[in-house]
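Here is a short colleague's note to read alongside the model. Please keep the viewer open and follow the points in order.

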Amino acid sequence: MERRIAVKQMVLLAGGLLALPAWANAWTKATVGLEQPLLSPAQTDSLASLIDTLIPASDTPGALDLNVPDFVQKMVADCYEPAVHQQVKDGLTNVDALAQASFGQTLTRCTSVQRLDILQKIQADPEAGRKEFFTLIKNLTIQGYTTSEYVMTTFLNYNMVPGHYYGCVPAPVAAR
């Protein structure tokens, strides 16, 4: 009876291992994307401007070049409760309102210096909700940037399978 259970488990394991590569190869940007967008197009543009201000492009790609706004939106939609979804939407609306009040235009139309000034105002704001919004976006931006394929392979020398296996190594013969 034990042998039947073991054989059954081995067959299930082998079937799972055969199906895994086909399943994982189906992961594309289209299949991993959001089914229903969390943010409106205007809010998505504001989020992209905000993230581009946090990690701009220089001699290395910026957060916008590495699709970090998509990562942030996916993380908020999948990993946070609806109250945080609303906090992000309200925070982006507040950022655009602050940009409109300060410079007479939306965040996406502001220059990088103006956007940096807006971020400093948000960070110095005594209201807890705005600080929580900014901290969340900043932390997710850093997480998305530092775990991107470019940063992991270029700067952190990440290897998916570290080391090399040397299976046939001569062993010294012990003296008698």
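**Notes on the fold**

1. Of the 176 residues in the chain, 26% count as buried. Please bear in mind that this is a predicted model. The chain exposes about 12,400 Å², and carbon and sulfur atoms supply 60% of that area.

2. The secondary structure is quickly told: eight helices and zero strands. Reading from the N terminus, the elements run α-α-α-α-α-α-α-α. For contacts between residues at least 6 apart in sequence, 65% join residues that are at least 24 apart.

3. A good place to start is helix H5, which spans residues 82-103. Its 22 residues reach 31 Å from the first C-alpha to the last, close to the 32 Å expected at 1.5 Å a residue. Just after the helix comes Gly104, with a positive phi near 75°.

4. Which residues of H5 are buried? They are Val84, His85, Val88, Gly91, Leu92, Val95, Asp96 and Ala99. These residues cover an arc of only 130° around the axis, which puts them on the same side of H5. As a reminder, an α-helix has 3.6 residues a turn, so residues three or four places apart point the same way. On the other side of H5 you will find Pro82, Ala83 and Ala101 exposed.

5. What do the buried residues of H5 pack against? Their partners are helix H3 (41-54), helix H4 (68-79), helix H6 (112-124) and helix H7 (128-146). For a single residue to follow, try Val88: leaving aside neighbours within four places in sequence, it is in contact with Leu39, Val76, Phe133, Leu136 and Ile137.

6. Next, please look at H7, whose 19 residues reach 27 Å from first C-alpha to last, close to the 27 Å expected at 1.5 Å a residue. Buried in H7 are Phe133, Phe134, Leu136, Ile137, Leu140, Thr141, Gly144 and Tyr145. Seen down the axis, these fall within an arc of 160°, so they line one face of the helix. The buried residues of H7 pack against H3, H4, H5, H6 and helix H8 (149-154).

7. With both helices in view, the core is easier to follow. The largest nonpolar core has 28 residues, and Val72, Val88 and Ile137 are those with the most contacts inside it. H3, H4, H5, H6 and H7 each supply at least two residues of this core. Which helix gives the largest share? That is H7, with six residues.

8. One loop residue deserves a glance. Asn67 has a positive phi of about 60° although it is not a glycine. You will find Asn67 in the loop between H3 and H4. At 41% relative accessibility, Asn67 counts as partly exposed.

9. Finally, how many aromatic pairs does a search of the whole structure find? The search finds one. The rings of Tyr150 and Phe155 have their centres 5.8 Å apart and their planes at 80°, so the pair is edge-to-face. Tyr150 is partly exposed, with a relative accessible area of 28%. Phe155 is also partly exposed, and its relative accessible area is 45%.

Notes:
Residues are numbered from 1 along each chain as its sequence is written. This is a predicted model: local features need pLDDT of at least 70, side-chain atom pairs count only at pLDDT 80 or more; totals for chains, interfaces and linings use all residues. Side-chain values use heavy atoms; hydrogens and water are left out. Helices (H or I, at least four residues) and strands (E, at least two) are DSSP runs, numbered from the N terminus. The expected span of a helix is 1.5 Å times one less than its number of residues. Buried means under 20% relative accessible area, exposed over 50%, partly exposed in between (1.4 Å probe, protein chains only). The arc is that of the directions from the helix axis to the C-beta atoms. Contact means heavy atoms within 4.5 Å. A nonpolar core is a set of buried Ala, Val, Leu, Ile, Met, Phe, Trp, Tyr and Cys residues joined through side-chain atoms within 4.5 Å. Accessible areas come from the Shrake-Rupley method with a 1.4 Å probe; for residues, only the protein chains shown count as cover. Rings of Phe, Tyr and Trp (its six-membered ring) pair if their centres lie within 6.5 Å; planes under 30 degrees apart count as stacked, over 60 as edge-to-face and the rest as tilted.
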